[in-house]
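Take a walk through this fold with the sequence at hand. The route goes from charged pairs to enclosed elements and ends at the surface.

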Amino acid sequence: MLLETKDLPTYGVLDYLIENRMNGASDLFLETCIVPSPLTSGRGLIEVMPALGSAGREKPDDVLPKLGRAYLEQTTETGAPISYLEQMRILVRRLSERGKSDVLFIDARAGLSESTAPAVIGLGGDVLMFGVNTPQTIECYSYLLGHLARFAPLTEDPNDWRGQLRMVHAKSGRGDDVWRSYRERTYELFATYLYEESSEPSIGDLTFNFDIDDPEAPHYPWPIPFDMEFAEFDPTKRRSELQRDFYDRTFGSFTQNVYYLLFPGERLKDD
């Protein structure tokens, strides 16, 4: 969505993972996977490393085999395995060390796949977990959170990954009466799998538990109201869709929440 076809880099994330596993991707190769988006128009820099670059578009018959190879383990020169999770950690570290970014956004693959758990607890970042208020969403998140519960810290941990999770209520209606239904479902998920049982809260109580209506709690969803204007969202063709008066009515509170999550204590700029 941030690049037109003509602006794509030669390669993307899948190509990087395959090249790194076979030959060790050089810094030069990494740069062939990244390009700036033209949508910022001088208002800062947004660089994009897409899943696929122009080479993938030119040979679409190679894409599915690439997907299969991308999730394979890499090995060191001594034959020691490097997991998919560790490969992604290395990639994120290399992107950070380029020194061009204040924030890295990772758009993880939807659904339950090999890349889901690493994105949730393996990369050390804040995690936005999108879903719509349907039984399918709740069922799939029960599988994910049920699995992740195995890795919950057994003792007090200032870097507890559970506190970095945040539910997002996508395609919601408007108003707290509508939002509460999904909040109750997500609270039940977290209470079942990730929250700890607690007696009456007391000063200094560090039990990982939250009230259902606590807006700072991981289960408390950020709503994004359903808006048909975004059904065919394509800012590369319609730049007006990136104007604040267009997106604020639907994404205003969401973008504000993301900003304060990334830059706590700062004021959101009007421009």
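**Charged pairs**

E241 is buried, because its relative accessible area is just 5%, under the 20% cut-off. The model is a predicted one. The side chain of E241 meets that of R238 in a salt bridge, at 2.8 Å from N to O. R238 is partly exposed, with a relative accessible area of 35%. Elsewhere, D176, R180, R183, E184 and D213 are joined into one network by salt bridges that share partners.

In total, the structure holds 19 salt bridges. One of them pairs R98 with E47, at 2.8 Å from N to O. This pair links distant parts of the chain. R98 lies in the loop between α5 and α6, while E47 sits in strand β2, 51 residues apart. E47 counts as partly exposed, at 25% relative accessibility.

Another salt bridge stays inside one helix. E86 and R89 both belong to α5. Their closest N and O atoms are 3.5 Å apart. The two residues are three places apart, about one turn of the helix. An α-helix has 3.6 residues a turn, so residues at that spacing point the same way. Side chains of opposite charge can pair when their charged atoms come close. Both partners are partly exposed: E86 has a relative accessible area of 27%, and R89 is at 34%.

**Enclosed elements**

Now turn to strand β6, residues 165-172. Seven of its eight residues are buried, so the strand is largely enclosed by the rest of the structure. What flanks β6? Strand β5 (residues 127-131) runs parallel to β6 and is joined to it by five bridges. Strand β7 (residues 222-225) also pairs with β6 in the parallel sense, over four bridges. V168 ties the three strands into one picture. F130 stands opposite V168, and W222 in β7 is a bridge partner of V168. Helix α7 (residues 135-148) completes a right-handed β-α-β unit with β5 and β6.

K171 also lies in β6. Is K171 buried or exposed? K171 is exposed, because its relative accessible area is 59%, over the 50% cut-off. Its backbone stands out too. Phi of K171 is near 50°, a positive value in a residue other than glycine. Most residues other than glycine have a negative phi.

Helix α1 (residues 13-22) is largely enclosed as well, because seven of its 10 residues are buried. The buried residues are V13, L14, D15, Y16, L17, I18 and N20. Their cover includes α2 (27-31), α4 (63-70), β3 (74-75) and α5 (84-97). After α1 comes G24, with a positive phi near 80°.

**Toward the surface**

Helix α6 (residues 116-122) holds A119. A119 is partly exposed, at 23% relative accessible area. Not counting residues up to four places away in sequence, A119 touches A108 and V127. The C-alpha atoms of A119 and M49 are separated by 16 Å, and the two residues are 70 apart along the chain.

Last comes a nonpolar patch on the surface. M1, L2 and I46 form this patch, with about 300 Å² of accessible area together. I46 lies in the loop between β1 (35-36) and β2 (47-48). I46 counts as partly exposed, at 39% relative accessibility.

Key
Residues numbered from 1 in each chain as written. Heavy atoms only, no water. Buried < 20%, exposed > 50% of the residue type's maximum accessible area, 1.4 Å probe, protein only. Contact = heavy atoms within 4.5 Å. Patch = residues over 30% accessible without salt bridge, like charges linked within 9 Å, V, L, I, M, F, W, Y side chains within 5 Å. Areas by Shrake-Rupley, 256 points an atom, 1.4 Å probe, with all protein chains shown as cover. Salt bridge = Lys/Arg side-chain N within 4 Å of Asp/Glu carboxyl O. Pairing = 2+ DSSP bridges. Right-handed = clockwise from strand over helix to strand, strands pointing away.
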